[in-house]
Amino acid sequence: MHQKLSTYLKNKYGEKIYRLSLSSGCTCPNRDGSILVSDGTPLTGGCTFCSEGGSGDFAAQVTAGGIDKQIEDAKKLISAKTDAKHFIAYFQSFSNTYGDINRLKELYTKVINRDDIVILSLGTRPDCIDSDVLSMLKELNQIKPVWIELGLQTIHEESARRFHRGYDLKVFEKAYKELKEAGITVVVHVILGLPYETKEDMLETVKYLASLDPALDGIKLQNLQILKGTAMYQDYLRWKEKAPSEQSIDIKGEATEEFFFMDMEEYTDLVAECIALLPEATVIHRMTGDGPRKLLVEPLWTLDKKRVLNTLTRKCKEILQ
């Protein structure tokens, strides 16, 4: 039976472990112009679905008080939700292995040596994993577990090109192999419902991840969200202006429209199907996303998080604990 992250952590540590969403002050190579597309144009602005906060809109912000102050602020933000005493330090915003390696090593060493931190988790990109980063991660992993969360989103190159991911699948494969050889836990992010992708396209991405050797440690599944202020929001507005005659395409059919938003039943059915494809050793870190209420445009049903999670629990009852 597959394990949710909460179950995995409770079994491993014997207590509730909660994530603290933090910021390292990094950016991304497809935001600062480091990546050039085929015609030589530099990529700026990041992935088109990504918000100004670098997918870390709920993360604590870098402060003058340093990382210890940021951690304490993050604890205060979640104090009403949990009485947890130990935490995952989750550096969520942007690409947290991109930048001055000495600065990053000093930052992460300080964090991982805190008594209240049991795991260091770094969200990043496969093209931000080099020999210096691997060396740093191996050193940190000798202190406490280090998780690397890679934003793959899809295996389909055309989809990746559309949202300006900025690297191809071979880059992911190389980074994954090197991370696993270094003994690092790897968690992969997947977005379900990217523009033009069919149900089969989405399942192909999950099947690919299910076939990885060594087996994938963890996965985060999330529905596509349209957030105000993103480049994809502008694409969405242009699409809406065209007033497509058929916006409710069958998820089992061909995606003839740029955008198709699954309803809650369709999405939760798909998540259950995805989980069933994965090895039982792969921990399920996330099954849905909930964007900031003030920014979210589509799909609005995700705002009813309790109802979504209850539906997912019911549909995944036989395959998930």
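**Exercise 1. A salt bridge between two helices**

Is Asp269 buried or partly exposed, going by its relative accessibility? Find its salt-bridge partner and say which parts of the chain the pair joins.

*Solution.* Keep in mind that this is a predicted model.

- Step 1: Asp269 has a relative accessibility of 42%, so Asp269 counts as partly exposed.
- Step 2: Look for its partner. The side chain of Asp269 forms a salt bridge with that of Lys315, at 2.8 Å from N to O.
- Step 3: Place both residues. Asp269 belongs to helix 9 (residues 264–277) and Lys315 to helix 10 (residues 305–315), so this pair ties together parts that are 46 residues apart in sequence.

**Exercise 2. Two more salt bridges to contrast**

Select Lys69 with Asp73, then Glu149 with Lys220, and describe the setting of each pair.

*Solution.* Side chains of opposite charge can pair when their charged atoms come close.

- Step 1: Lys69 and Asp73 meet in a salt bridge of 2.9 Å, N to O. These two residues are four apart in helix 2 (residues 66–78), which means that about one helical turn separates them.
- Step 2: Check the exposure of this pair. Lys69 is partly exposed at 40% relative accessible area, and Asp73 is partly exposed at 21%.
- Step 3: Turn to Glu149 and Lys220, whose side chains form a salt bridge, also with 2.9 Å from N to O. Glu149 sits in strand 6 (residues 146–153) and Lys220 in strand 8 (residues 218–223), so the pair ties together parts 71 residues apart in sequence.
- Step 4: Check the exposure again. Glu149 is buried, with a relative accessible area of 2%, and Lys220 is buried too, with 1%.

The whole structure has 21 salt bridges, so there are plenty left to explore, given the cut-off of 4 Å between nitrogen and oxygen.

**Exercise 3. Asp116 and its surroundings**

Where is the place of Asp116, and which residues does Asp116 touch beyond four places away in sequence?

*Solution.*

- Step 1: Asp116 is located in the loop between helix 3 (101–112) and strand 5 (117–124).
- Step 2: Asp116 has 11% relative accessibility and therefore counts as buried.
- Step 3: List the contacts. Setting aside residues up to four places away in sequence, Asp116 touches Ile71, Glu72, Lys75, Lys85, His86 and Phe87.
- Step 4: Add a polar contact: the side chains of Asp116 and Arg114 are joined at 2.8 Å.

**Exercise 4. Aromatic pairs**

How many aromatic pairs does the structure hold? Work out how the rings of Phe172 and Tyr176 are arranged, then do likewise for Phe259 and Phe261.

*Solution.*

- Step 1: The structure holds eleven aromatic pairs.
- Step 2: For Phe172 and Tyr176, the ring centres are 5.9 Å apart and the planes make an angle of 25 degrees, so this pair is stacked. The threshold behind this step is that planes under 30 degrees apart count as stacked.
- Step 3: Phe172 and Tyr176 lie four residues apart in helix 6 (residues 169–181), about one turn of the helix. Both Phe172 and Tyr176 are buried.
- Step 4: For Phe259 and Phe261, the centres are 5.9 Å apart and the planes are at 10 degrees, so this pair is stacked. Phe259 and Phe261 are both buried.
- Step 5: Widen the view. Phe259 and Phe261 belong to a cluster linked by ring pairs, together with Tyr233, Tyr236 and Trp239.

Rings can also have a charge over them. Arg165 lies over the face of Tyr167, at 4.3 Å from the ring centre, and the charged end of Lys12 sits over the ring of Tyr13, 5.7 Å from its centre.

**Exercise 5. The nonpolar cores**

Which residues have the most contacts inside the largest nonpolar core? Then pick Leu120 and list what Leu120 touches.

*Solution.*

- Step 1: The largest nonpolar core has 69 residues, and Phe91, Leu120, Phe172 and Leu209 have the most contacts inside it.
- Step 2: Helix 9 supplies the largest share of this core, seven residues.
- Step 3: Leaving out residues up to four places away in sequence, Leu120 touches Ala89, Phe91, Tyr108, Val111, Ile112, Leu140, Pro145, Val146 and Trp147.
- Step 4: Look for a second, separate core. This one has 16 residues, including Ala160, Ile191, Met232 and Tyr233.

Technical notes: Residues are numbered from 1 along each chain as its sequence is written. This is a predicted model: local features need pLDDT of at least 70, side-chain atom pairs count only at pLDDT 80 or more; totals for chains, interfaces and linings use all residues. Side-chain values use heavy atoms; hydrogens and water are left out. Buried means under 20% relative accessible area, exposed over 50%, partly exposed in between (1.4 Å probe, protein chains only). A polar contact is a pair of N or O atoms within 3.5 Å; within protein, one must be able to donate a hydrogen and the other to accept it, and residues adjacent in sequence count only if both atoms are side-chain atoms. Contact means heavy atoms within 4.5 Å. Rings of Phe, Tyr and Trp (its six-membered ring) pair if their centres lie within 6.5 Å; planes under 30 degrees apart count as stacked, over 60 as edge-to-face and the rest as tilted. A charge sits over a ring if NZ of Lys or CZ of Arg is within 6 Å of the ring centre and within 35 degrees of the ring normal. A nonpolar core is a set of buried Ala, Val, Leu, Ile, Met, Phe, Trp, Tyr and Cys residues joined through side-chain atoms within 4.5 Å.
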